[in-house]
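Open the model and find the metal ions before anything else. Then follow the text outward from them, one part at a time.

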Amino acid sequence: MDFELKILGSSSATPAPDRHHTAQVLTIGNQINLIDCGENTQMQLMRYKVKHQRISNIFISHLHGDHFFGLFGLLSTLHLQHRAQPLHLFGPPGLAEILSLQFKYSHTQLSFKLIFHELDTTVHALIWEDKAITVHTLPMQHRIPCCGFLFREKPKLRHLIKDKLPDFLTPPQLIRLKQGGDITDETGHVVVFNADVTSEPSRSRSYAYCSDTRYQEDLLPYIKHVDLLYHEATFLDELRQQAAYTMHSTARQAATLALKAEVKRLLIGHFSVRYRDLTPLLHEAKSIFDNSHLALEGKTISILD
Ligand SMILES: [Zn+2]
Ligand SMILES: [Zn+2]
């Protein structure tokens with residue numbers, strides 16, 4: 001099953017000539033999740049050939065424009081193309097009101113059901129669960145209510161070792177083995193030991209998206225050991241005063257958090273428009289946490305199981 005992140009934009013505040021506002025696509029199996037939706041996201045979806053009608057969930061971290069100004073345009077396009085299937089939208093208080101005003105004055109009656117989930121951005125809470133994954137909020141510390149999102153695969157089933165399976169097993173018994181149980185006869189005696197015919201399940205993959213926030217170690221217990229951490233790095237550390245004042249982070253701070261959380265890989269983004277060349281931000285992060293990367297537009301990161 002795919003577990004793949006695609007970057008559509010990573011510019012903060014105002015866009016740069018070659019950088020769009022924040023938006024990311026996380027594909028897990030055949031489920032497509034859009035994370036933040038800065039201006040021009042629908043154009044970026046087309047450019048990078050993401051099937052926008054197949055997006056099932058949209059997660060908005062906060063109501064600064066660089067994270068959601070593309071939402072109304074995208075929803076309008078889905079409507080104009082006669083989308084029928086429901087769409088789940090997760091966002092902070094106020095988002096539903098903003099959208100309903102836009103729909104009201106544009107006389108738009110959406111062709112699909114928009115299911116809005118209002119988030120409490122101050123807590124770490126389960127907001128989505130299906131057969132394959134869970135999504136939790138990650139409380140950010142920013143100038144307005146803001147949260148990140150933690151995507152995690154559910155524990156998986158054990159693998160059957162085909163050569164070792166007796167041929168008398170029924171389909172329900174095979175499912176039982178996959179779930180970790182032994183097979184017993186009518187008297188309760190074990191006739192097939194699970195450990196003899198199965199192997200460890202594939203591991204569960206995880207992605208933590210830390211949107212706009214000042215440096216905060218409160219996140220550590222939630223993001224410990226994730227496969228991939230995205231953390232904003234608006235500034236170089238020489239501007240840490242400005243980062244603190246605007247409630248943003250520096251590349252050094254993002255990398256410090258990655259190191260302390262012992263994550264596998266760090267992706268930094270939300271770059272200030274002042275940085276035409278992003279290399280110094282990458283070098284600063286790598287000096288603390290070597291497996292650091294830039295969230296460049298068009299980049300795809302696959303997490304293997
Ligand atoms: Zn921002
Ligand atoms: Zn912001």
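The donor residues of the zinc ion (ligand 1) are spaced D-H-x144-D-x57-H in sequence. The donors of the zinc ion (ligand 2) follow the spacing H-x1-H-x77-H-x69-D. Donors here are N, O and S atoms within 2.8 Å of the metal (3.2 Å for Na, K and Ca); water is not among the atoms, so sites may look incomplete.

This is a predicted model: local features need pLDDT of at least 70, side-chain atom pairs count only at pLDDT 80 or more, and totals for chains, interfaces and linings use all residues. Residues are numbered from 1 along each chain as its sequence is written, chains are lettered from A and ligands numbered from 1 in the order in which they are written, and side-chain values use heavy atoms, leaving out hydrogens and water.

**The two zinc sites**

| Ion | Protein donors | Distance | Angles among 4 donor atoms |
|---|---|---|---|
| zinc ion (ligand 1) | Asp66 (OD), His67 (NE2), Asp212 (OD), His270 (NE2) | 2.1 to 2.2 Å | 91 to 167 degrees |
| zinc ion (ligand 2) | His62 (NE2), His64 (ND1), His142 (NE2), Asp212 (OD) | 2.2 to 2.3 Å | 90 to 167 degrees |

Which residue coordinates both ions? Aspartate 212 does, and the two zinc ions are 3.4 Å apart.

Why is the arrangement around the zinc ion (ligand 2) irregular? Its 4 donor atoms subtend angles of 90 to 167 degrees, and that makes it irregular. The site of the zinc ion (ligand 1) is irregular too. Four donors count as tetrahedral if all angles lie between 85 and 135 degrees; four count as square planar and six as octahedral if opposite donors are over 155 degrees apart and all others between 65 and 115; anything else is irregular.

Are the donors buried or exposed? Aspartate 66 is buried, with a relative accessible area of 8%. Histidine 67 is buried as well, at 1%. So are both histidine 62 and histidine 64. Buried means under 20% relative accessible area, exposed over 50%, and partly exposed in between (1.4 Å probe, protein chains only).

**The nonpolar core**

The largest nonpolar core has 33 residues. Leu138, Ile223, Leu229, Ile268 and Leu281 have the most contacts inside it. Strand S14 (206–210), H7, H9, S16 and H10 each give two or more residues to this core. H9 gives the largest share, 6 residues. Such a core is a set of buried Ala, Val, Leu, Ile, Met, Phe, Trp, Tyr and Cys residues joined through side-chain atoms within 4.5 Å. Helices (H or I, at least four residues) and strands (E, at least two) are DSSP runs, numbered from the N terminus.

Helix H9 covers residues 251–261, and its buried residues include Leu257 and Ala261. They pack against helix H7 (220–223), strand S15 (228–232), strand S16 (265–269) and helix H10 (279–288). Isoleucine 223 is in contact with Leu257 and Ala261, among others, leaving aside neighbours within four places in sequence. Contact means heavy atoms within 4.5 Å. Just after H9, glutamate 262 takes a positive phi of about 50 degrees.

The buried residues of H10 are Leu281, Leu282, Glu284 and Ala285. They cover an arc of only 160 degrees around the axis, so they sit on the same side of H10. The arc is that of the directions from the helix axis to the C-beta atoms. His283 and Ser287, on the other side, are exposed.
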